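Trainee: I'm new to this one, so please pick a single part and take me through it slowly. Here is what I have in front of me.
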Amino acid sequence: MLTKKQHDLLLYIYEHMTGDDIAPSFDEMREALGLKSKSGIHRLITGLEERGYIERLPHRARAIAIKRIPESFEQHEKEPVSAASHARSGAAAPPQNMTAIQIPAHVESIPLCGKISAGTPIEAIRHEGDSIQIPPGFAGTGELYALTIDGDSMINVGIFDLDTVIIKRCDTAENGAIVVALVDGEEVTLKRLKRENGKVVLYPENDNYTPQVYEPNRVQIQGKLVSLMRSYN
């Protein structure tokens, strides 16, 4: 999962290295993305490296190896990215240090709506235009969207900081379901839903946190957890 800026930077590096096998300078990257300082490029490069898309080679200037690429980079090819396939198409060969990958024929794109707290509720952060790809049928049917987890209050059920959760949009859920709850119209959180003694209780799955108790009119259900994605890079 990449942010739009990370995606744009990786695409720029990929196209640049396809041409001459040398990574662009940080100044060239900054200008290409319209950033004011190189510190933003440093953060984007670090994010791409942490997610396993690139590798910075030590003791060499401008030494970046592309390890893998998103499916969107190969819109016109259904073959693995390789020197042979590029040669047949007449395109320039990609860098030799790029791992060949098989591009799936079909993926489903769902919106990535921002961060959600798995701790103290935080205001929803929306990124218009961001999306992620999942295999068809991966999360069932219905209107789906994705959120990035921020916090550790659901670790007892295997939901960790920076995981991506897939949510089925709905406005009600059964007792015991893990839901996206909007509190007071301002803050969202991911918790286990319980209705007790006329109250709505949002239960964490971490002994270091306490349940949050609300009047029913303060809580709006915005979706139910149906799947989860995690990167081990």
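How many bridges join strand 10 to strand 11, and which way do the two run, parallel or antiparallel?

Mentor: There are 3 bridges joining strand 10 to strand 11, and the two run antiparallel. Strands here are DSSP runs of E with at least two residues, helices are runs of H or I with at least four, and both are numbered from the N terminus. Two strands pair if DSSP finds at least two bridges between them.

Before we zoom in, a word on what you're looking at: residues are numbered from 1 along each chain as its sequence is written, and the model is predicted, so local features need pLDDT of at least 70, while side-chain atom pairs count only at pLDDT 80 or more and totals for chains, interfaces and linings use all residues. Side-chain values use heavy atoms, with hydrogens and water left out.

Strand 10 is a nice place to start. It covers residues 199–203 and has the highest mean pLDDT among the chain's elements, 96; pLDDT is the predictor's confidence in each residue, from 0 to 100. Helix 4, residues 83–89, sits at the other end with the lowest mean, 34. The protein chain as a whole averages 76, and 74% of its residues score at least 70.

Now look at the neighbours of strand 10. On one side, 5 bridges pair strand 10 with strand 9, again in the antiparallel sense. One bridge to find is L193 with its partner L202 in strand 10. Strand 9 and strand 10 make a hairpin with 2 residues between them, and N197 in that turn has a positive phi of about 55°. For strand 11, go to V201, whose bridge partner there is V213.

Strand 10 also takes part in a salt bridge, meaning a side-chain nitrogen of Lys or Arg within 4 Å of a carboxyl oxygen of Asp or Glu. Here K199 meets E215, with the closest N and O atoms 2.1 Å apart. K199 is in strand 10 and E215 is in the loop between strand 11 and strand 12, so this pair links distant parts of the chain, 16 residues apart. K199 is partly exposed at 29% relative accessibility (buried is under 20% relative accessible area, exposed over 50%, partly exposed in between, using a 1.4 Å probe and protein chains only). E215 is partly exposed too, at 38%.

That same loop between strand 11 and strand 12 holds R218. The side chain of R218 forms a salt bridge with D184, at 2.7 Å from N to O. Because D184 belongs to the loop between strand 8 and strand 9, this pair ties together parts that are 34 residues apart in sequence. D184 is partly exposed at 41%, and so is R218 at 33%.

The count for the model is 9 salt bridges. Among the others, K67 and E55 meet at 3.5 Å, N to O, and D27, R30 and E31 are linked in a salt-bridge network.

One last bit of context. pLDDT stays under 50 over residues 75–105, a stretch with 48 contacts beyond four places in sequence, where contact means heavy atoms within 4.5 Å. Over residues 122–128 the pLDDT is also below 50, with 19 contacts beyond near neighbours in sequence. So keep those stretches apart in your mind from strand 10, with its mean pLDDT of 96.
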